[in-house]
Amino acid sequence: MTATTMAPPATETVRTADPSKARLRAWATRAPLLPALIFMIVVTQLPFVATVVISFFDWNSLYPKARHFTGVDNYKDVLTDADLRHSVWTTVLLTVTVVLVSLVLGLLLALLLDRRFKGRGVVRTLLIAPFLVVPVAAALLWKHVLYNPEYGLLNGLLHYVGGPQPDWISNTPLLAVEASLVWQWTPFMMLILLAGLQSRDQQQMEAARVDGASDWQIFRYLTLPHLRRYLELGALLGSIYIVQNFDAVFTITSGGLGTANLPYTVYQSFYQAHENGLASAAGVLVVIGSIIIATFALRVVSSLFREEVGRA
Amino acid sequence: MSTIAVKRKGLGLGLVAWLLGIVFFLPIAWMALTSFHSETDAATNPPSFGAALTLDGYREFFGTGGGASPWPALINSTVASLASTLFVLLLALPAAYALSIRPVKKWTDVLFFFLSTKMLPVVAGLLPIYLFAKNTDMLDNIWLLVILYTSMNLPIAVWMMQSFLAEVPVAVIEAARVDGARLPTILARVVAPIALPGIAATALICFIFSWNELLFARVLTGVVAETAPVFLTGFITSQGLFLAKVCAASLVISLPVLAAGFAAQDKLVQGLSLGAVK
């Protein structure tokens, strides 16, 4: 980091006496920002406002004339409908499991990769690869090539040790989806945690070692506290991406066998069932869930961000 | 602990790391191997590791076997990813300039607004966008995806570029200005050389996200503007012996992402963490 990072430039402090000129100058500074800002508001905020409005209507696109305002009925339906309630639960379960397991695995791998050993670069590359497979392709790989009960690789390998030949997707559908997502997201967690490990204060660690601290003590009292925010960041960003997951659920189980999460349910209820109002209400619920996570995520990002600015 | 014991422990942990690396990579290696097997060799139990290699899976995938050709989908994905990445750069570069080198007042608030849009789930706006597209005859049009992918990646790009441009020392820019250099010259001679690697990494990450996207593409495109991930969804239901073909298709469609990802490896974390981790 250079010493000048984030420092406000000197030009801002030089003010012209003429107020209209100053205003012009302020607009000239703002101008480069406006296209991106306006574009984002139009493309991302307006549709969301429309979703909120539609969520208060009873509106099936097959019967457009029957459209009418129903207040919060859609929300009542979403919250009382057994299938929809189940999809809320599935979303929570899927997100929490995948985030926690990949976070723990990612931490383990990051700790291993933080040490020097022969071929570290190669191992790092091997470990990143799962994250760089197109999500649909990864889901197809797990569904057909690994899980297939007759000729999938998992049962093929079990065959060698004389193990059972389970039908993975039918027996444990949610677990099957989760395993494929853990495989893809562990590298993501590993990368963030590895960056965290490498930003530790080496002098402090060295001093602790000289003072006779054990590996475990260094991990417990120096590394873990330092990693805390990186763990939080990984968990929160992972949650934001996995709450929205559609590809794996759509591909591996097509939302069947109790694996439909909220994004899939929203997709299904307007794309197949044409229930626009219900879909919108479910969509708004996903947003509320995301906002709760996002508030925490933004706080973590901004604390890391401030530290970055402060260090300058 | 004696140094020998420390060394031995280091060696053991190195081996564990190698082992885990191989376990994680195994599905991809198996996918690659299977893609070069014949369909009958691909569907055996126990698996045939040493079966004869053939390009039949790839021939089938590229449509010479009579199936639908993947070329239109691959071309659509290329257009959508490249065009949206270009638009992202065009919008994000000036914005990042106004948030770092010559910052507007309250620039951190603006930066966090961009970030917060990324937290809004895609499904939240999907239905209105679908209805809008239907009423304006934009369904099944690749340019609609270009617009949506631009909005999807713009926040990440603004955050990344802001941090890259902020690395350009203000003192150097001031010095150039004192020497009489005008803005275009400063941008080309001073800012670009320092920020270019970061800009390239940003572009690669935007390309990856656009190429991977399924939900928008699935809902908003049909036969004409279908992208590569939508083409892959054609393999969701089994079609007899088709493993080699699935593997070939998955691998070919993942290749651009693997290439872009390895090229951007060093900056990947920064992009994925929205610039929060350096």
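Which residues in H9(A) meet which residues in H13(B)? I noted this first, and I am working from a predicted model.

**Entry 1, the helix pair.** I looked up the pair and found that A:Phe188, A:Leu191, A:Ile192 and A:Ala195 of H9(A) meet B:Leu268, B:Val269 and B:Leu272 of H13(B). I sorted the residues of this contact by class and got 7 nonpolar, no polar and no charged.

**Entry 2, the geometry of the pair.** H9 covers residues 173–198 of chain A, and H13 covers residues 265–272 of chain B. I read a packing angle of about 95 degrees, with the helix axes 10 Å apart. Angles of 65 to 115 degrees count as roughly perpendicular, and H9(A) and H13(B) are therefore roughly perpendicular to each other.

**Entry 3, the chain contact.** I then turned to the contact between the chains, to which chain A gives 89 residues and chain B gives 87 residues. On the side of chain A that touches chain B, helix H14 (residues 276–311) of chain A gives the most, with 14 residues. I split that side of chain A by class into 63 nonpolar, 21 polar and 5 charged residues.

**Entry 4, the record.** I checked UniProt, where an unreviewed entry places the feature "transmembrane region" at residues 33–57, 88–113, 125–145, 174–197, 230–257 and 277–301 of chain A. I followed up two of these spans in the model. For residues 33–57 of chain A, the end C-alpha atoms lie 37 Å apart, and the span is 84% helix and 4% strand. For residues 277–301 of chain A, I found the end C-alpha atoms 35 Å apart, in a span that is 100% helix and 0% strand.

Conventions: Residues numbered from 1 in each chain as written. Chains lettered and ligands numbered in written order. Predicted model: local features only at pLDDT ≥ 70, side-chain atom pairs only at ≥ 80, totals over all residues. Contact = placed C-beta atoms within 7 Å. Helix = DSSP H or I, 4+ residues; strand = E, 2+ residues; numbered from the N terminus. Nonpolar A, V, L, I, M, F, W, Y, C, P; charged D, E, K, R; others polar. UniProt positions renumbered as here; feature names shortened; annotations may be inferred. Axes fitted to C-alpha atoms, helices over the stretch in contact; angles between N-to-C directions. Parallel < 35°, antiparallel > 145°, perpendicular 65-115°, else oblique.
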